[in-house]
Amino acid sequence: MSRQFLALTCLVTVGVASALGAAACSSSSSHGVAKDGGGDEQTSDLDAGDEVCTAYVSDADLSDAAPSVSFSGDILPVFQNSCGIAGSTCHGAADIEKTQQRPFLGLHDGGTDASAVVTGIVGVPSSEDPAMNIVAPNDVTHSYLLHKIDGDECTLAAACADAAVANPAFAGCGLTMPYSSPQLDPATRDTIRRWVAQGAKNN
């Protein structure tokens, strides 16, 4: 085997490794970037190594009360089909809050009591970042659920790290939700955002 071939092989191997490393490092930095044209992004002050964390900014105008969003008609079906679909593996078991400290977001097969979901997430501190409620009525910026579905939970890393000191089981802010599924489209996320902006009512 010639020296030239060995040198070329080494160069290609290093190049591939570098590209893979760069891709791995930038994977979470893509959070908050609307890949399908919805919303916008802002660079936050948080840099983790080579990663740049961006905060998702929706294009939705939430100042208008119309259209009115219904929790049982508009939001719960999204939760049931995107978050509760795998039962106790995700957020679809009624006792999930007690057994795994994850919010219950509805039974995939229907029959969910909407009030059980609303009371379990509205005004309830997040396990990953207890300084922020899962849903804060009228406050889209400080509703942890919206960060999780927008994919910019990296902007909360410092608060999540503080929480992990008290409970190592919640190290980091976790992953964008829904887990292991395509991100909810911007229009669906904005419907949830509008529900929060309209007071996160059980309606």
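A residue counts as buried when its relative accessible area is under 20%. By that cut-off, 37% of the 203 residues of the protein are buried. The model is predicted.

**Overall make-up**

The protein contains 7 helices and 2 strands. Along the sequence, these elements run in the pattern α-β-β-α-α-α-α-α-α. The exposed surface of the protein comes to about 10800 Å², and carbon and sulfur atoms supply 58% of it. Contacts can also be sorted by sequence distance. Among those with a separation of 6 or more, 52% join residues 24 or more positions apart.

**Helices α2 and α7**

One helix pair can be described in detail. Helix α2 spans residues 71-82, and helix α7 spans residues 186-197. The two pack with their axes 10 Å apart, at an angle of about 130 degrees. Angles of 65 to 115 degrees count as roughly perpendicular and those over 145 as roughly antiparallel, so this pair falls in the oblique class. The crossing of α2 past α7 is left-handed.

Which residues of α2 and α7 make the contact? The table lists them by helix.

| Helix | Residues in the contact |
|---|---|
| α2 | Phe71, Asp74, Ile75, Val78 and Phe79 |
| α7 | Thr188, Thr191, Ile192 and Trp195 |

By class, the residues of this contact divide into 6 nonpolar, 2 polar and 1 charged. The charged one is Asp74 of α2. The polar ones are Thr188 and Thr191 of α7. Nonpolar members include Phe71 and Phe79 of α2, and Trp195 of α7.

Notes
Residues numbered from 1 in each chain as written. Predicted model: local features only at pLDDT ≥ 70, side-chain atom pairs only at ≥ 80, totals over all residues. Heavy atoms only, no water. Helix = DSSP H or I, 4+ residues; strand = E, 2+ residues; numbered from the N terminus. Buried < 20%, exposed > 50% of the residue type's maximum accessible area, 1.4 Å probe, protein only. Contact = heavy atoms within 4.5 Å. Areas by Shrake-Rupley, 256 points an atom, 1.4 Å probe, with all protein chains shown as cover. Axes fitted to C-alpha atoms, helices over the stretch in contact; angles between N-to-C directions. Parallel < 35°, antiparallel > 145°, perpendicular 65-115°, else oblique. Left-handed = near helix turned anticlockwise from the far one by under 90°.
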